[in-house]
Structure formats: structure tokens, C-alpha cells
Amino acid sequence: MLGAELVAEVAPTGELLALALRRVEAGPIFTLNGGHLWGLYLGAQRRGVAMVDVRHEQTAGFAAEGWARITRRCGVAALTAGPGVTNAISAIVTAYQNDSPVLFLGGRTPSSRWGMGSLQELDHLPLVSSVTRSARTISSAAEAYPALLEAARTALGGRTGPAFVDVPVDVFLAGAEIPDEGAVGRVPTGLPEADPDQVRLVARMLRQARRPAIVAGSTVWWAHAEEELVRLAEAAAVPVVLNGMARGMLPPFHPLFASRAREVALGQADLILVVGAPLDFRLNFGQPPLFPKEAAVAYVDVDGFRKPRPGPALLGDVRTTLARLAEAAVPAQSRSEREAWVERVADRAAAARAADAELAAAGGSPVHPARLVAEVERFVDPDAILVGDGGDVVSFAGRLIHRRRPGLWIDGGAFGCLGSGLGYALAAKLAHPQRQVVVIAGDGAFGFSAMEFDTLVRHRLPVVCVIGNNGIWGLEKHPMQRLLGVSLLTDLAPGTRYDRVVEGLGGHGELVEHPEGIAPALDRAFRSGAPACVNVLCDPRIEYPRSSPLL
Ligand SMILES: Cc1ncc(C[n+]2csc(CCOP(=O)(O)OP(=O)(O)O)c2C)c(N)n1
Ligand SMILES: [Mg+2]
């Protein structure tokens, strides 16, 4: 036995992967069983990494992405070879577009028979390469641990996002030495500071502008920079429009909160500082009328992604940049002039709130979807996590529901994939078991992942799903009718008893036909202590007022 302590311990590949996951403090493994992954499961069990089994790989993917967005740590989904990976592609793309740091682990058919037509054989890398920050196959047990750490570094570093690693099943059968924990550095998330000259330039622009505005998006959340954003806005007296995961960074009654007054705050601005938000369709591509032609535009971000308008760009560590700007951007113009601008925006926000309140009070049966979402907001705790999954009903929710802190509202984001909601809710409830988690779903969206109520029941996760059941694919039916004069393939069955589907899966179900019935039904749903569905029959004639998002 002499010198035994010098002999390194050997572990199978699955265990090495589990050790690496622990090392980077990644989340539970969301998965659906496939033989190509058994080595991972054994390793995770041995090393105490939690596993959550779902009913469809798309949910595994969305749950991992939801975990990342709520905790700002790596989410993990394990997908069996071939169809397991392809079933999760929409979630991988969503993670990519939302900059969500997720490790997608794939099973893979044996390398010893590669190309010979094994069951579920598919080369995943060409499929996922364009929608991940990195994608590689682990070709030996010795590679497993460092490759997963490297993937986590990629996922969490710079512009965050998903990383894909697949493992041939014969590599799972092999083992390698357990690496010395001390030899590997911590996962770095830091970025270099933005160019100080450029920071001074933008600070001067902010001081001198007459009508400045900030629009802030998810990158502020990923950078843990929510406090610095508020500090900047308050120091410089600038109204703020929030989107993506930045929602909630200013509470709804903050005098500078301008999300409901975008047409004035952005549309009449002479300077728009775009902080961590891509200028995509949600911001009218940075074009008029939302972004006036004459307005100067400046950027704070980690890189130059989707910044079609010219302007100085402070690229690097967003948190430090915002802190530097906050120190230097105190307005030079007369206080009263800046105050008049802030007031003009605040007046518009107050008028919008008054109109929203009227909409939210709509009575009658079937229920107005605005009333539905307002009832949900009134009912839930201030720290409840709300998830949106659907069309028009989620648009009403996005307009009427304002959270007081960030991280309390999740929807699919710009990719807009229906069916993500129950995966997000599953992750949210696991991450915060003591908080209420509520999904606001369209009846169409609910159908994509309704079976996940079985998952919620098995894992005892009392999520409440409120369905705005209008019997149609509303966000297709109304625009199609308006634009083409006809609507095809847009009807679902009216009054479907989704509440009974949930009861059948072991959850609690409620059917609601009148607005007055919503709050009591929510109360019973939460008191049941079970995963619950509150199925609210909504008015299919109500259309969310919008311009076409297609072009
Ligand atoms: C996976 C997927 N398929 C199709 C669409 C296109 N789509 C966008 S909104 C929508 C209608 C959603 O209907 P529902 O969930 O019932 O909400 P409602 O608009 O009726 O409130 C559809 C089909 C999509 N975004 N994602
Ligand atoms: Mg619908």
C-alpha cells in the first residue's frame, strides 16, 4: 500500500462529466431517458448531480434555458442520440437567441461503428454548429472533464450562450483519471473594460442631450448590472425603456420607467443609449418612427451584435461601463429643461397606465384576456415568477404586467417558440420552490407541452398554469383575417376542458367562465398544493392591437 495516495483515482466518463458540472455549479440535468446517456446518469447519481426526467426533449431544453435565465448559471439538458437532439433544436436556438448559457449534452452512437448505420445515428454537429457558441464531440474519457469545463467557459464568457457537447456511447464505457481540482481555473466571466475615451465621449453626449433615453435589454441581466443601470438612469435623469430579461429593473411606478411611453421616450428623443439590447423587430430595427432619424444613437454592450445604426459603441464589461457612465453623466443642461423632458415622458406613461387600467377592468363573459392577465397580476405575490407562452394573451400580459424586480418574467423572447412555458415553469419552481410560479398560456401553446403536467406531478412541483382559452390561434387568426381578408387553419375546438386533462394527469383543475371567478379559482389552485390548471374561457373576438410583425 506504500505510496497508494500517489495513484490517481480513475472514474468512468459519465462521472467525469458529473464532476465537471459540479465544478461549474451548473443546474440539474433535465433529460428523457435514452440508452446512449446511461453512463451520464450513473455518474450524476454517484456524484450527487440532480436529474429531472421530462416527457419531451423540447421541455428538457427549455427547462435548462429557463434555469439559466432565472439563476444566471449554466443550465443543463441531456439529449439522447439522434431524435433526442433534434427534438431539442428549437430550445437550442432559443438559448442562442436569448444568450442563455446552457450546456446541451448529447448522446451519440458508437464511434467504433461510425457511418455504418447504428440505431439513432446522426452527426449532430452540423445541425447545432450555427446555433451554439461551440459544438464538439468528446472522443476519449480523458477529454470529458476539460471539454465540459471549456464548454462552460464558452457558455458563460463574453456574449453568453449555449454550448453543445456529444459523447459516443463507447466513450461512456471508458474511464480516465479524475483531474486535480486545484489545477483548473475558475470559470471566467469577466470582459475587458470599454475604451475610456469612448466612455468619456458617451458621458458627454448624455450630459449635453436635451431629450436622452435609455433602452435596456437582456445583456444587462446577464452582466448582473441592474443596479448600475438604475444608478445611471437616476444620476443622468434619463427615462428607460426595458425589454427582454431587463423587464422589472425599474419598478412600474418609478418616475423614469418609460416602457409604456416608448413612442415619446424613444420617438421624440435626441439621443438613445442602447444598453444590451439588439435592435431587432421589438425595437423596430432601430428605425423611424420608433427611433427618429435625427436622434443620435450610442451603445453599451459586450459586442457589436445587431447595431445597424452608426454611433459610438462601448463594448466590453457592461457593468463597469454603466458604473463609469453613472459617475460621469450628470446632466449639464438646466435641471428644469431635463425635468420637463422626464415629465413629458412620465405624463405619457401615466396616460397609458390609465388606458391599461380601463382595459383591465373589462367585464362580461367570455372573459376579456386583458382582464384575465390583470386578475393574475392582482392575485400573485410580488416575488412570483410569471411565464408567458402563447400569442395574443401573452401580448396582453406583456403590456399589463410589470414586475418590480428583474428575473420575474420569462417568455420565449424574439424566437417566439410556442410550447416553452411549462419547461420554464418547471425550472423556475425547482430554482425557487418557496415562490409562486404561474404560466400564462394560450390554449394553442398549452397543447405543445401539456403532457409535462405529468412531470410536474411526479416531481411534486405545484406550478399554476392559467390558460386564456379562446378556442383559436388568436395571433394568427386575427392578423390573417385583417391582412388577407380570410383566415384558414386558425380554429381550435371551443371550450376544450384542459383542466380535466390536468386532473387526469394527477393535478388540480378549474374551469372559469366569468371574470369574478378567476381570483377564487387561483386561490383554490394554490391551496391545492398540486400542479394546477385554471382554464379560463376567453372571448375569441378580442384581438391584441398590433401592427404586423412579419415584415
Ligand atoms: C412552435 C410555433 N409554432 C407556430 C407559431 C406561430 N404562432 C405564433 S402565435 C400563434 C398563435 C398562438 O395561439 P394561442 O397560444 O392559443 O394564443 P392566442 O393568440 O390565441 O392568445 C401561432 C400559431 C409559433 N410562434 N411557434
Ligand atoms: Mg388561443
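Where is the place of Arg-306? Select Arg-306 to begin: the residue sits in the loop between β12 and β13. This is a predicted model, and the tour starts with its backbone details before moving to the sheets, the helices and the ligand.

**Confidence**

Colour the chain by pLDDT before going further. The average over the chain is 95, and 96% of the residues score at least 70. Then select residues 183–187, where pLDDT stays under 50. For this stretch the model has six contacts beyond four places in sequence.

**Two residues with positive phi**

Return to Arg-306. Its phi is near 50°, a positive value in a residue other than glycine. Arg-306 counts as partly exposed because it has 15 C-beta neighbours inside 10 Å, short of the 20 that would make a residue buried.

Next, select Asn-284, which lies in the loop between β11 and β12. The phi of Asn-284 is likewise positive, near 50°, and this residue too is not a glycine. With 16 C-beta neighbours inside 10 Å, Asn-284 is classed as partly exposed.

**Two cis peptide bonds**

Stay in the loop between β11 and β12 and select Pro-289, which is located there. The peptide bond leading from Pro-288 to Pro-289 is cis, and its omega is near 5°.

For another cis bond, move to Ser-365 and Pro-366, which are joined by a cis peptide bond with omega about 0°. Pro-366 belongs to the loop between α14 and α15.

**The five-stranded sheet**

Now display the strands on either side of the loops already visited. They belong to an open sheet of five strands, ordered β10-β9-β11-β12-β13, with parallel pairing. At its edges are β10 (240–242) and β13 (313–315), each of which pairs on one side only. From one strand to the next, the twist averages 15°.

Within this sheet, select β11 (residues 271–275) together with β12 (residues 296–301). These strands pair in the parallel sense over five bridges. To find one point of register, label Val-274, which stands opposite Tyr-299 in β12.

**Strand β5 and its partners**

Select residues 102–108, strand β5. Is this strand mostly covered or mostly uncovered? Strand β5 is mostly covered, with seven of its seven residues buried.

Show the side-chain directions along the strand. Val-102, Phe-104, Gly-106 and Arg-108 point one way, while Leu-103, Leu-105 and Gly-107 point the other way. In a regular strand the side chains alternate between the two faces of the sheet.

Add β4 (residues 75–79), which runs parallel to β5 and is joined to it by five bridges. Then add β7 (residues 163–168), also parallel to β5 and joined to it by six bridges. Phe-104 is a useful residue to label here: it is the bridge partner of Ala-77, and it stands opposite Phe-164 in β7.

**Trp-67 in helix α3**

Select Trp-67, which is found in helix α3 (residues 57–71). This residue counts as buried because 30 C-beta neighbours lie inside 10 Å. Beyond its neighbours within four places in sequence, Trp-67 is in contact with Gly-27, Gly-75, Ala-427 and Ala-431. Draw a C-alpha to C-alpha distance from Trp-67 to Ala-425: the two are 9.2 Å apart in space, although 358 residues separate them in sequence.

**Helix α15**

Go next to residues 369–379, helix α15. Why is this helix largely enclosed by the rest of the structure? The reason is that nine of its 11 residues are buried. Among them are Arg-371, Glu-375 and Phe-379. To see what surrounds the helix, display α14 (335–360), α16, β16 (437–442), β17 (464–469), α22 (518–527) and β19 (532–537), against which the buried residues of α15 pack.

**Ligand 1**

Finish at ligand 1 and show the residues around it. Of the 19 in this shell, Gly-390, Gly-391, Gly-442, Gly-444 and Gly-474 come nearest. Three helices to highlight are α16 (392–400), α18 (443–449) and α20 (474–484), each of which supplies at least two residues of the shell. Colouring the shell by residue class gives seven nonpolar, nine polar and three charged residues.

How values were computed:
Residues numbered from 1 in each chain as written. Chains lettered and ligands numbered in written order. Predicted model: local features only at pLDDT ≥ 70, side-chain atom pairs only at ≥ 80, totals over all residues. Buried ≥ 20, exposed ≤ 12 C-beta atoms within 10 Å, placed from the backbone. Helix = DSSP H or I, 4+ residues; strand = E, 2+ residues; numbered from the N terminus. Pairing = 2+ DSSP bridges. Near = placed C-beta within 6 Å. Nonpolar A, V, L, I, M, F, W, Y, C, P; charged D, E, K, R; others polar. Axes fitted to C-alpha atoms, helices over the stretch in contact; angles between N-to-C directions. pLDDT = per-residue confidence, 0-100. Contact = placed C-beta atoms within 7 Å.
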